[in-house]
Amino acid sequence: MTLEFQSVLKLFRDTPPFSRLPAQECAALARRAQEKVFQDKEVVFNEGARAGSGWLVFSGRVRVVSYYKQAQQMQLELLAKGQLFGVFCRVGSESGVYPCTAVADGKLVALRIPDAVFWELLRRHPEACRETCRLCAERLSLMQRLVGLGRESAEFRVADVLYRNFLVHGAKVHLTRQNIALQIGATIETVFRVLAALRRQGWIETARGSILIKDPAAIAGYVRRRKGR
């Protein structure tokens, strides 16, 4: 598979922090980016592996996960087209390794950006550097929220995931028990138990690969009450 140059260039022009670069710099970056195709569940990079590149999603999705509690896996992010990964977690770090694992969620096409190219662009273009810092702060806020959620009950964490997906996708959300377990750092058995309880209350219906939110007001009320307690 070979991507059209104009499609790659447009993606860089539309994606922060590259959107802050001069046109000629964007074009040069688009020429140097290396296309890579990953199949479902194929690892892009492993936690602890030597880091030498950042990645930009061209199509498909990638899961960014970390391990804790005797190799239990927790999903930190699920990223789609136009989103960077393998970069923000290393801003200002001198360790030289990836602190997380990236795995293709379905077929993934990603653009590899060598570190030497990325850091040199930031050095020469303060606007792009500031934008990178802003994006890094956003990701850090998300990580802090995940840490806070980790102290909540499994019931709240499942309800919170369902409510956030409802706000984006509507009543039918395409989530599996495994998807939810990865997002909240719980076992599939725990998620199964919580979903069964929500079904008994009439709040949801479950099907293969999806969940129907039957009573979004009840789920929203539960989440808001817990957040405001």
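In this predicted model, the side chains of R63 and D105 meet in a salt bridge, with 4.0 Å between nitrogen and oxygen. R63 belongs to strand β4, which covers residues 62-68, while D105 sits in the loop between β7 (101-104) and β8 (108-114), so the pair ties together parts of the chain that are 42 residues apart in sequence. The arginine of this pair is hidden from the surroundings: R63 has a relative accessible area of 11%, and because buried means under 20%, R63 counts as buried.

This contact is part of a wider set, since a search of the whole structure finds 15 salt bridges. Another of them joins the side chains of R124 and E25, where the distance from nitrogen to oxygen is 2.4 Å. Here, too, distant parts of the chain are linked, for R124 lies in helix α3 (residues 115-124) and E25 in helix α2 (residues 23-32), and the two residues are 99 residues apart. The two partners can be set side by side in terms of their accessibility: R124 is partly exposed, with a relative accessible area of 37%, whereas E25, at 14% relative accessibility, counts as buried. Salt bridges also join residues into a network, and the members of this network are R20, E127, R130, E131 and R134.

A further salt bridge leads the reader towards a sheet. K214 forms a salt bridge with E205, and the closest nitrogen and oxygen atoms of the two are 3.4 Å apart. Both partners count as partly exposed, K214 at 45% relative accessibility and E205 at 39%.

The sheet itself is open and is formed by 3 strands in the order β9-β11-β10, with antiparallel pairing. Its edge strands are β9 (172-173) and β10 (204-207), each of which pairs on one side only. Between β10 and strand β11, which runs over residues 210-213, the antiparallel pairing extends over 4 bridges, and within this arrangement A207 stands opposite S210 in β11. Helix α7, made of residues 188-200, packs on the sheet and touches both β10 and β11, and the direction of helix α7 makes about 130° with that of β10.

S210, which lies in strand β11, deserves a second look. At 7% relative accessibility, S210 counts as buried. Once its neighbours within four places in sequence are left aside, S210 is in contact with K172, V173, H174 and L175.

It remains to consider the cysteines, and to ask how many disulfides a search of the whole structure finds. The search finds 0 disulfides. C26 is in no disulfide, and the nearest cysteine sulfur, that of C129, is 16 Å away. C136 is likewise in no disulfide, its nearest cysteine sulfur being that of C133, at 7.0 Å. A disulfide requires a pair of cysteine sulfur atoms within 2.5 Å, and this cut-off is the one against which the distances for C26 and C136 are to be read. As for its surroundings, C26 is buried, with a relative accessible area of 1%.

Technical notes. Residues are numbered from 1 along each chain as its sequence is written. This is a predicted model: local features need pLDDT of at least 70, side-chain atom pairs count only at pLDDT 80 or more; totals for chains, interfaces and linings use all residues. Side-chain values use heavy atoms; hydrogens and water are left out. Buried means under 20% relative accessible area, exposed over 50%, partly exposed in between (1.4 Å probe, protein chains only). Two strands pair if DSSP finds at least two bridges between them. Contact means heavy atoms within 4.5 Å. Axes are lines fitted to C-alpha atoms, for helices over the stretch in contact, and angles run from 0 to 180 degrees between N-to-C directions.
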